[in-house]
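Let's take a friendly walk through a protein model, one feature at a time. Have a look at the picture first, then read on.

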Protein chains: 2
Amino acid sequence: MNDKNWIAVDWGTSHLRVWAVDGARVRAAAQSDQGMGVLARSDFEGALLALVADWLPPGQVTQVIACGMVGSRQGWVEAPYRALPCVPLAGGLVPAPTQDPRLSVHVVPGLKQAQPANVMRGEETQIAGFLARHPGWDGVLCLPGTHSKWVHLSAGEVVSFQTFLTGEVFALLATQSVLRHSVSGWDAAGFKAGLTQGFERPDRLMGRLFPLRAEALLGGLDPGVARARLSGLLIGAELAVARPYWLGQRVAIIGARDLAGLYLQALAEVEMPATQVDATEMTLAGLDAARALRHVPTEP
Amino acid sequence: MNDKNWIAVDWGTSHLRVWAVDGARVRAAAQSDQGMGVLARSDFEGALLALVADWLPPGQVTQVIACGMVGSRQGWVEAPYRALPCVPLAGGLVPAPTQDPRLSVHVVPGLKQAQPANVMRGEETQIAGFLARHPGWDGVLCLPGTHSKWVHLSAGEVVSFQTFLTGEVFALLATQSVLRHSVSGWDAAGFKAGLTQGFERPDRLMGRLFPLRAEALLGGLDPGVARARLSGLLIGAELAVARPYWLGQRVAIIGARDLAGLYLQALAEVEMPATQVDATEMTLAGLDAARALRHVPTEP
């Protein structure tokens with residue numbers, strides 16, 4: 001067993017990302033489109049080896065720590081959700097079955113909330129990474145993405161969270177709906193205008209979509225303004241619904257740089273200062289923290 | 001010119017529907033998927049002839065009256081929008097260029113509203129049909145569909161209207177988003193529950209989508225309940241935004257039977273009685289009314 005060199009894996013529905021790590025230093029990275037969504041259970045080991053085989057010294061066992069949809073019922077091995085409230089890496093890791101003797105693979109379980117019903121897979125690892133980097137931090141984390149999440153942390157535990165389809169709805173409207181003919185590019189003032197409308201009157205959101213098309217047809221609305229306004233409307237409405245999470249709290253945003261920047265700007269517009277940290281760094285820090293748990297027996 | 005036998009055409013983005021009409025009696029009907037969206041300008045005449053050639057007596061000119069996206073900039077001929085307020089069939093029809101000497105084709109123009117920007121193509125014909133059947137009717141028309149419309153009618157004129165992407169958003173969420181794994185079938189109580197939530201708190205709509213997935217994963221939410229609740233949430237939110245249209249008004253719903261029935265039920269839940277009429281009948285009645293305008297010169 002080589003404990004210094006290990007492999008970090010973020011395995012989502014549509015993507016697989018891997019890193020060769022030496023202690024806490026990343027030596028190499030790779031990725032593919034072999035997400036959970038396109039793999040049968042027996043395909044996972046091969047999809048992983050396709051990216052990491054060259055990183056495995058012969059005659060040694062290399063530890064692999066994986067988070068994300070790889071642990072879902074349709075994944076490599078089901079890592080049952082842990083129930084809130086709990087620390088983000090609760091109850092130990094779940095070993096995945098392997099053929100290659102060079103591999104020892106463990107999967108991080110997701111978290112579940114009973115009421116209102118909610119689940120996460122992958123974000124718990126970013127939260128653990130954030131807490132590893134900011135010990136004792138209390139407050140609210142915002143994790144924007146396809147499905148953005150707002151997470152209330154207290155005393156190292158995840159207390160509650162809420163999920164929004166904002167990223168997915170934006171992508172569907174911008175690329176598949178009638179609005180697709182009128183949106184492309186970006187305009188900062190358009191984003192701000194949409195944000196204000198979406199935040200102040202989230203109840204009117206559904207009435208503000210078609211006008212993006214009609215204004216383009218009748219008034220030549222700039223497609224960059226239209227696309228940014230659509231994004232602002234949706235993020236503004238999300239902020240309005242999530243207000244009980246962030247109001248009066250310390251807020252940190254964990255996300256890819258551009259998207260996290262939009263949420264940072266959105267929160268600034270409602271006079272909520274927030275800090276921004278990189279999602280990939282938090283994933284790696286969280287997987288590193290999970291490594292320490294790999295010998296704890298699982299409690300399904 | 002044979003004035004008794006004519007052809008009615010409803011030509012949308014994705015479908016072409018045609019009827020052979022004798023006076024006001026439908027003798028035959030046909031349809032295809034040759035919607036405006038898949039046709040170049042030079043393809044329209046052929047797509048029409050593919051359905052109606054057998055209905056055209058040799059040596060005679062048969063009148064064809066068409067409404068819908070066939071009159072858009074990407075259609076057979078552009079029939080520029082008429083500006084509100086106006087009667088639904090304002091400003092005469094626009095002739096489409098034809099090769100076949102048996103065809104005389106005219107297109108109904110759509111309507112536009114300057115502020116807030118809005119457009120319609122096809123619904124103006126249904127509105128004209130409704131007014132032909134209900135002379136002197138004042139009130140509000142609801143036209144549910146992919147893009148549902150609420151239309152304020154007064155003294156025979158369209159005064160204002162609002163458009164919602166409700167049908168399109170429902171279809172995208174139910175078939176393309178992460179919710180697709182959790183929604184199928186229908187449950188009447190689920191629709192009613194979603195309707196109440198959507199209508200009373202439209203501002204929370206964006207927070208109520210992901211729970212449909214999470215409840216399925218954690219609590220085994222019935223997929224029929226989930227799909228009907230999603231529909232109820234969206235229609236309820238639409239009703240909330242459209243309240244200035246229907247509150248205290250006489251309301252009629254023009255739509256396909258099942259969908260119009262949902263809107264009828266939704267309005268009943270908020271104690272707004274409404275009447276329901278069939279969309280295809282109104283389209284045919286409106287095209288029949290448009291026939292009388294075909295010799296009026298166009299005013300672009």
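## Two copies and an axis

Before comparing chains, we need one idea: copies are superposed by least squares on the C-alpha atoms of residues with pLDDT of at least 70 in both. Keep in mind that this is a predicted model.

So how does chain B go onto chain A? Turn chain B by 180° with 0.1 Å of shift along the rotation axis, and it superposes on chain A with an RMSD of 0.1 Å. The two copies are therefore related as by a two-fold rotation axis. Which C-alpha of chain B is nearest the axis? That of B:Asp203, at 1.8 Å from it. Both copies use the same surface, too: 100% of the contact residues of chain B recur in chain A.

## Two domains in chain A

The domain assignment splits chain A into domain 1 (2-135 + 281-291) and domain 2 (163-279). Their centres, taken over C-alpha atoms, are 31 Å apart. Where they touch, domain 1 of chain A gives 6 residues and domain 2 of chain A gives 6 residues.

Now look at the domain 1 side of that contact in chain A. Helix 2 (123-133) and helix 9 (279-291) of chain A are the elements that give two or more residues to it, and helix 9 of chain A has the largest share, with 3 residues. By class, this side has 2 nonpolar, 3 polar and 1 charged.

## A pair of crossing helices

In chain A, helix 6 (residues 223-241) and helix 8 (residues 257-269) have axes that come within 11 Å and cross at roughly 60°. The crossing of these two helices of chain A is right-handed.

Who does the touching? From helix 6 of chain A come A:Ser231, A:Ile235, A:Gly236 and A:Leu239, while helix 8 of chain A brings A:Leu262, A:Tyr263 and A:Ala266. That adds up to 5 nonpolar, 2 polar and no charged residues.

## Backbone oddities

Check the peptide bond between A:Leu84 and A:Pro85: it is cis, with omega about -10°. A:Pro85 sits in the loop between strand 5 (82-83) and strand 6 (94-96) of chain A. In chain B, the bond from B:Leu84 to B:Pro85 is cis as well, with omega near -10°.

Two residues of chain A have a positive phi without being glycine: A:Ala155, at about 50°, and A:Glu271, near 60°. Is A:Ala155 buried or exposed? Residues with 12 or fewer other C-beta atoms within 10 Å count as exposed; A:Ala155 has 9, so it is exposed. A:Glu271, in the loop between helix 8 and strand 14 (274-278) of chain A, has 6 such neighbours and so counts as exposed.

Technical notes:
Residues numbered from 1 in each chain as written. Chains lettered and ligands numbered in written order. Predicted model: local features only at pLDDT ≥ 70, side-chain atom pairs only at ≥ 80, totals over all residues. Axes fitted to C-alpha atoms, helices over the stretch in contact; angles between N-to-C directions. Helix = DSSP H or I, 4+ residues; strand = E, 2+ residues; numbered from the N terminus. Left-handed = near helix turned anticlockwise from the far one by under 90°. Contact = placed C-beta atoms within 7 Å. Nonpolar A, V, L, I, M, F, W, Y, C, P; charged D, E, K, R; others polar. Domains from an automatic or database assignment. Buried ≥ 20, exposed ≤ 12 C-beta atoms within 10 Å, placed from the backbone.
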